[in-house]
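Trainee: I would like to take a close look at one part of this model with you. Could you walk me through it?

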Amino acid sequence: MLDKKGIAKRIAQELRHNWYVNLGIGIPTLIANYIPEGIDVEFQSENGILGMGPFPFEGEEDADMINAGKQTITPMPGASIFDSATSFAMIRGQHIQLTVLGAMEVADNGDIANWKIPGRMVKGMGGAMDLVASADNIIVAMMHTNKRGESKLLRQCTLPLTGVKCVKKVVTNLAVLDITPQGFKLIERAPGVSVEEIKNATEGRLIVEGDIPEMKID
Amino acid sequence: MNKLVANVQEAVQDIESGMTLMLGGFGLCGIPENCIAALVEKGIKDLTCISNNAGVDDFGLGLLLQKKQIKKMISSYVGENDEFERQMLSGELEVDLIPQGSLAARCQAGGSGIPAFFTPAGYGTEVAFGKEVRYFNGKPHILEHALTADFAIVKAWKGDRYGNLLFKGTARNFNPLMAMAGKITIAEVEELVEPGELDPNTIHTPGIFVQRIFQGEKYEKRIEQRTTRERLMVND
């Protein structure tokens, strides 16, 4: 079983050289800590920076330099700043090679719900709807089950949708799964996790073909 | 050209209850702190506020929410403000949550003479309710309309009496777009400079979009999440 860092480490393996990448708040932001050796990627933050870098050293925080999660950051060499319309032009115009975000629910047809629990939590969708509607390559980072042990990988989302038929890949604390026309396809198991465990935790259609390898994470 | 006003009170003097306002900023970054404080002091009510976020409970737009001066919010994310969530869930506050990219584009459109446009964002979700759908390149898009406001209130780093504005870092965000879309745009700046001091190549918002400008003061520039990394012990 993986923790949040483990999920981030596994997704970081999907990064390719010279990609532009948007990381959502939560688990996805951790991915920036695990960029594979020898590859260069540029992180875009929806609030208007390309070339987002690490958190500043203590005492060097700049209130005018934050990321989408309102955390203080620093710019990398080669970074650029722009307004929100330009930012979403990059996103909607499909200039970004990889989008990673969290989810409350993912359906086996690729629908995603991650912005509202009616009557309880209505924080808003932020940039999520723009991101999922436009991106070609969307990976969801999430826990496989919720706090009550219920599956978050469903036949159909029960919560209000953020986007339809858009998720390509899901990485959870238990598994890596691709979304196919037949549903979730199991690609890898988390270290120490059995196929049986994954089947029990997945409510949506799950395809298991052949031997399923374990994730290789250090 | 002289768009200078003496102070914030003069800048906001004709903003009245019931009006629609646009306010720049992302979180607390780039918010027009002086104008928000002045609006709280004016005590006007029933405002419709278009702003990406709602501040935090005790700063930014949260100050107007606390005093129940806002009737309706049009935003994309309000998660940092518990009072906001409470007022919304109880029905005291009307809320239109719209995708951030659509909000940005709708403001820009409002100032650009583009009355409406199609976007894929929100298709298949509750954001699309009641909106026309059209297919382009085999993909569904929904019709969104431009947004304008009685007053757009923006915050910039530097500006001059022509109304030209330069923003700093991620404090830029929605400010240039909202500056275009206000019937009257008020700009508060950290540093008022002489015409000619700003290199024309570096101006982010040409003065044509700005009607009033004043030198702001005592910016708190609150940081919501002060995140840092550790220095290594050896030469860094």
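Trainee: Let's stay with chain A and its inside. What radius of gyration does chain A have, and what would a compact globule with 218 residues have?

Mentor: Happy to, and please keep in mind that this is a predicted model. Chain A has a radius of gyration of 17 Å, and since a compact globule with 218 residues would come near 17 Å, the two agree. Computed along its principal axes, the C-alpha trace spans about 50 × 40 × 30 Å. Chain A is built from five helices and 13 strands. Among its contacts with a separation of 6 or more, 61% join residues 24 or more positions apart.

Now for the inside. Of the 218 residues in chain A, 57% are buried. The largest nonpolar core has 48 residues, and the members that touch the most others are Ile11(A), Ile31(A), Val106(A), Ile112(A), Val140(A) and Val170(A). Val106(A) is a good one to click on: leaving aside residues up to four places away in sequence, Val106(A) touches Val140(A) and Val170(A), and its other partners include Met142(A), Leu153(A), Leu154(A), Val167(A), Ile179(A) and Phe184(A). Charged residue types appear on that list too, including Asp111(A) and Lys152(A). A second, separate core holds 42 residues, including Val8(B), Leu21(B), Leu65(B) and Phe151(B).

Finally, the outside of chain A. About 9,200 Å² is exposed, with carbon and sulfur atoms supplying 49% of it. Chain A carries 22 positive and 27 negative side chains, and the centres of these two sets lie 8 Å apart.

Conventions
Residues numbered from 1 in each chain as written. Chains lettered and ligands numbered in written order. Predicted model: local features only at pLDDT ≥ 70, side-chain atom pairs only at ≥ 80, totals over all residues. Heavy atoms only, no water. Core = buried A, V, L, I, M, F, W, Y, C linked by side-chain atoms within 4.5 Å. Buried < 20%, exposed > 50% of the residue type's maximum accessible area, 1.4 Å probe, protein only. Contact = heavy atoms within 4.5 Å. Helix = DSSP H or I, 4+ residues; strand = E, 2+ residues; numbered from the N terminus. Rg over C-alpha atoms; globule rule 2.2 N^0.38 Å. Areas by Shrake-Rupley, 256 points an atom, 1.4 Å probe, with all protein chains shown as cover. Lys, Arg positive; Asp, Glu negative; His and termini not counted. Charge placed at Lys NZ, Arg CZ, Asp CG, Glu CD.
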